[in-house]
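Hello,

Here is the structure I promised to pass on to you. Have a look at it first, and then read on for my notes.

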Amino acid sequence: MKNKSSKIGRNALCPCGSGKKYKNCCRNMKKELSVKETYKQQYDIIIKTPKQIEGIRRAGVLLMQIMDGVEKMIRPGLVTEEINTFVHEQTIRAGAIPAPLNYRGFPKSVCVSINEVICHGIPGDRILMDGDIVNVDITPILDGYYADASKTFFVGTPGPDAQRIVSIAANALKKGIETVAPGATLGDVGHAIQHYAEGLGCSVVREFVGHGVGIDFHEQPQVLHFGSPGKGVVLVPGMVFTIEPMINLGKKELHVLPDKWTAVTNDGSLSAQFEQTILVTEQGYESLTPYTL
């Protein structure tokens, strides 16, 4: 005789001995989800594997090599298209792809944002002038992995307003990064940035935020640069996201130019930004696009 495996009927008593029908007991029990599964299911956040983290780290190394080259170029008289050409050629030469190019119709390989331009400035025939500040935002895709970072540079000799806003923006990013650790929240990150920048009389842009990154250009979670302590998603090891506060010397209100990309301050005040790709580790954090703030 062949042994036949018996199937428990939905209305049969549950074999666990609870006295309940199987359909109302163990049939509906789900396995306990791992942290990775839970974050994907609840927040659509990808907790990165060690292999993925190493891939993002390599992309970050390339990014910072390109950024260092850009920093050496910055001078009065430089045409912003020259920055785009340099970033594009260096990215391709390394076997990578410039993520901004053709992303949702963006026409260039890098964002170059000058003075009152908050973000998404399109390189072209504009010439850098002595006293300008310029943000350069670079995102290469290397072997399928993304890293994202930006820095704001002085062009020639900066005036006092330029020095002030660049210093505050850099320190705002530093304050945000220093809150990152397992058990902290995204609200802690945003609050640290907002409290610092607004405490010095500057404003924090609301419309553009940080984001998950690594497997795609923009992933969950959104990383707001304002918020309340203890609120938002709890940080866990393996999360990778950008922190990229955009800080205005004047008011926070902005508008986008007819090119549908370039965002500028309504009051014409200077705006500065610094951005790094951050990994949550067991001990705290690691910048995958490290530079001194």
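**What I found**

Asp143 is exposed, because its relative accessible area is 57% and the cut-off for that class is over 50%. This residue lies in the loop between β5 (140-142) and β6 (145-146). Its phi is near 55 degrees, which is a positive value in a residue other than glycine.

Please keep in mind that this is a predicted model. The average pLDDT of the chain is 94, and 92% of the residues score at least 70. Over residues 1-6, though, the pLDDT is below 50, and in the model this stretch has zero contacts beyond near neighbours in sequence.

**A second loop residue**

Asn115 makes a nice partner to Asp143 in these notes. Phi of Asn115 is near 55 degrees, again a positive value in a residue other than glycine. You will find Asn115 in the loop between β2 (111-114) and β3 (117-119). Is Asn115 buried or exposed? With a relative accessible area of 12%, Asn115 is buried, because the cut-off for buried is under 20%.

**The chain as a whole**

Stepping back, the chain has five helices and 17 strands. Its C-alpha trace spans about 90 × 45 × 40 Å along the principal axes. Of the 293 residues in the chain, 49% are buried. Looking at contacts with a separation of 6 or more, 66% are between residues 24 or more positions apart.

**The largest pocket**

This is where I would point your viewer next. The largest pocket holds about 570 Å³ of space. Its lining consists of 25 residues, and Tyr103, His120, Phe208, His211 and His218 are the ones that lie nearest its centre. By type, the lining has 10 nonpolar, eight polar and seven charged residues.

Which strands each supply at least two residues of that lining? They are β9 (210-212) and β10 (219-223). Strand β10 gives three residues, the largest share of the lining.

These two strands are also partners: β9 and β10 run antiparallel and are joined by three bridges. Gly212 stands opposite Glu219 in β10. Together β9 and β10 form a hairpin with six residues between the strands, where Gly214 takes a positive phi near 135 degrees. Strand β10 has one more feature to look at, since a cis peptide bond joins Gln220 and Pro221, with omega about 10 degrees. Pro221 is found in strand β10.

**A three-stranded sheet**

There is also an open sheet of three strands, in the order β8-β12-β15, with antiparallel pairing. Its edge strands are β8 (203-204) and β15 (271-273), each of which pairs on one side only. Two bridges connect β8 with β12 (residues 246-248), and this pair runs antiparallel. Within it, Val204 stands opposite Ile247 in β12.

**Two buried residues and their contacts**

Tyr291 is found in the segment after β17 (285-287). This residue is buried, because its relative accessible area of 12% falls within the class of under 20%. What does Tyr291 touch, not counting residues up to four places away in sequence? The list is Met64, Ser150, Lys151, Leu173, Phe274, Glu275 and Gln276. Lys151 is 140 residues apart from Tyr291 along the chain, and the C-alpha atoms of the two are separated by 9.3 Å.

Ala96 is found in the loop between α3 (80-93) and β1 (97-98). With 5% relative accessibility, Ala96 also counts as buried. Leaving aside neighbours within four places in sequence, Ala96 is in contact with Leu62, Thr91, Pro140, Ile141 and Leu142. For another pair to locate in your viewer, take Ala96 and Cys202: they are 106 residues apart along the chain, and their C-alpha atoms are separated by 37 Å.

Happy viewing, and best wishes

Note on methods: Residues are numbered from 1 along each chain as its sequence is written. This is a predicted model: local features need pLDDT of at least 70, side-chain atom pairs count only at pLDDT 80 or more; totals for chains, interfaces and linings use all residues. Side-chain values use heavy atoms; hydrogens and water are left out. On a 1 Å grid over the protein atoms alone, a cavity is a set of points where a 1.4 Å probe fits but cannot get out, and a pocket is an open set with protein on both sides within 12 Å along at least five of seven lines; lining residues have an atom within 4 Å of a point. Grid points are joined across faces, edges and corners, and a volume is the space filled by probe spheres set on the points. Helices (H or I, at least four residues) and strands (E, at least two) are DSSP runs, numbered from the N terminus. Ala, Val, Leu, Ile, Met, Phe, Trp, Tyr, Cys and Pro count as nonpolar, Asp, Glu, Lys and Arg as charged, and the others, Gly among them, as polar. Two strands pair if DSSP finds at least two bridges between them. pLDDT is the predictor's confidence in each residue, from 0 to 100. Contact means heavy atoms within 4.5 Å. Buried means under 20% relative accessible area, exposed over 50%, partly exposed in between (1.4 Å probe, protein chains only).
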